[in-house]
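This report takes up two topics in turn: strand pairing and the cysteines. Please keep the sequence and the model in view while reading.

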Amino acid sequence: MDGMRFFWHVHGHGTLSADMISSFRLPCAATLVSVQAVATTAAVGTVIIGTAADDNGYLTAFTAGASGTPTVADRGDFTGALNSDTRECPHLAAATVLLMTVAHNSMIHPDVTCEFLEG
């Protein structure tokens, strides 16, 4: 954390044989400004981000990058029902618990990084 920016990083070791699921509780009010996703092979899956109430409420079916080249979701890509203005990045309250699901598709060494700005 650099005083204004912090990250939520999720890594799956080896070949996924089931979906990878992670939860993260925001330490403060924040804006989700980008999501980067990648696998080390051509077999890639999708990433969704939401909450327990709406698992794809912020990011719906975002395809991870292949062969070590990340794809990036940012402003305008957060089209889930929980984002009140889908042209912008979602603003989240402190203590919001986010849920990330990575649909496996036999991905190898998937990495997903979410970038937040405080406030």
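In which sense do β2 and strand β8 pair, and over how many bridges?

## Pairing of β2 and β8

In this predicted model, β2 and strand β8, the latter formed by residues 97–103, pair in the antiparallel sense, and the pairing runs over six bridges. Within this pairing, I21 has T101 of β8 as its bridge partner.

## The sheet

The two strands belong to an open sheet of four strands, in which the order is β2-β8-β4-β5 and the pairing is antiparallel. The edges of the sheet are formed by β2, which spans 20–25, and by β5, which spans 59–63, and each of these edge strands pairs on one side only. On average, neighbouring strands of this sheet are turned by 15° against each other, if direction is ignored.

## Cysteines and disulfides

A disulfide is a covalent bond between the sulfur atoms of two cysteines. When the whole structure is searched for such bonds, zero disulfides are found. C89 takes part in no disulfide, and the nearest cysteine sulfur to its own, that of C114, is 12 Å away.

Why is the sulfur of C114 not bonded to the closest cysteine sulfur? The closest cysteine sulfur to that of C114 lies in C89, and because the distance is 12 Å, the two are too far apart for a bond, given that a disulfide requires the sulfur atoms to be within 2.5 Å. As for their surroundings, C89 is buried, with a relative accessible area of 12%, and C114 is likewise buried, with a relative accessible area of 1%.

Methods: Residues numbered from 1 in each chain as written. Predicted model: local features only at pLDDT ≥ 70, side-chain atom pairs only at ≥ 80, totals over all residues. Heavy atoms only, no water. Buried < 20%, exposed > 50% of the residue type's maximum accessible area, 1.4 Å probe, protein only. Pairing = 2+ DSSP bridges. Axes fitted to C-alpha atoms, helices over the stretch in contact; angles between N-to-C directions.
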